[in-house]
Amino acid sequence: MNPSESNDATKPEKQTSNEQEREKNMAELLMTMDDYNPIIPDAVIDHYLNRTGFDCDDPRIKKLFALVAQKFVADIATDAYQYNQVKQSGSRATGKNTKDRKAVLTMEDLSTSLAEYGVNVKKPDYY
């Protein structure tokens, strides 16, 4: 028996073991989704899922989509905030006192953050 043949025989066992582990992890995640209340309302998720043609009656899957959307929005907001902080730290170096200023989400910071995720946002010419 060739050593490579013995390795080929163990590969399907390892693959099924990995698949079983993934299925177990997914089942645990879906079970924890029962108690989760997403920030994005179910009606909004239902609207956009129906608009794209996605049809699913399982509320856990819809909550999973809501969680992913929430994470996406949070990542964009965090990146925009970091761009704002970098911009403010540059103005601090010039001598302006910005200690008491609040962070303001500007379209410039938001569009820069969205560009990292492949979303192009442009201001209208008449703005």
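## Setting the scale

A residue here is called buried under 20% relative accessible area, exposed over 50%, and partly exposed in between. K87, with 38% relative accessibility, therefore lands in the partly exposed class. Keep in mind that this is a predicted model.

## The overall picture

The chain is built from four helices and zero strands, so reading along the sequence gives α-α-α-α. Of its 127 residues, 17% count as buried. The chain exposes about 10300 Å², and carbon and sulfur atoms supply 54% of that area.

What about contacts across the sequence? Among contacts in the chain with a separation of 6 or more, 60% come from residues 24 or more positions apart.

## Salt bridges

How many salt bridges does a search of the whole structure find? The search turns up five. One of them pairs D46 with K62, with the closest N and O atoms 3.1 Å apart. D46 sits in helix α2 (residues 42–52) and K62 in helix α3 (residues 59–93), so this bridge ties together parts that are 16 residues apart in sequence. Both ends are partly exposed: D46 has a relative accessible area of 25%, and K62 comes in at 22% relative accessibility.

D58 and R60 make another bridge, and their closest N and O atoms are 3.4 Å apart. Here too the partners are partly exposed, D58 at 23% relative accessibility and R60 at 24%.

Then there is K87, whose side chain meets that of E108 in a salt bridge at 3.8 Å, N to O. This pair links distant parts of the chain, since K87 is in helix α3 and E108 is in helix α4 (residues 107–116), 21 residues apart. There's a third player as well: K87, E108 and D109 are linked in a network of salt bridges.

## A buried charge without a partner

Is D79 buried or exposed? D79 is buried, yet it has no salt bridge. The nearest side chain of opposite charge belongs to K71, 8.9 Å away. A salt bridge needs the nitrogen within 4 Å of a carboxyl oxygen, so K71 at 8.9 Å does not qualify as a partner for D79.

D79 is placed in helix α3. Setting aside neighbours within four places in sequence, its contacts are S113, E116 and Y117.

## Aromatic pairs

The whole structure holds two aromatic pairs. In one, the ring centres of F54 and F65 are 5.1 Å apart and the planes are at 70 degrees, so the pair is edge-to-face. It links distant parts of the chain, with F54 in the loop between α2 and α3 and F65 in helix α3, 11 residues apart. F54 is partly exposed at 32% relative accessibility, and F65 is partly exposed at 35%.

In the other pair, the rings of F72 and Y117 have centres 5.5 Å apart and planes at 80 degrees, so this one is edge-to-face too. F72 lies in helix α3 and Y117 in the segment after α4, so the pair ties together parts that are 45 residues apart in sequence.

## The nonpolar patch

F72 and Y117 show up again at the surface: together with V73 and V119 they make a nonpolar patch of about 320 Å². F72 is partly exposed, with a relative accessible area of 36%, and Y117 is partly exposed at 33% relative accessibility. V73, found in helix α3, is exposed, with a relative accessible area of 51%.

Definitions and conventions
Residues numbered from 1 in each chain as written. Heavy atoms only, no water. Helix = DSSP H or I, 4+ residues; strand = E, 2+ residues; numbered from the N terminus. Buried < 20%, exposed > 50% of the residue type's maximum accessible area, 1.4 Å probe, protein only. Lys, Arg positive; Asp, Glu negative; His and termini not counted. Contact = heavy atoms within 4.5 Å. Patch = residues over 30% accessible without salt bridge, like charges linked within 9 Å, V, L, I, M, F, W, Y side chains within 5 Å. Areas by Shrake-Rupley, 256 points an atom, 1.4 Å probe, with all protein chains shown as cover. Phe/Tyr/Trp six-rings, centres within 6.5 Å; stacked < 30°, edge-to-face > 60°.
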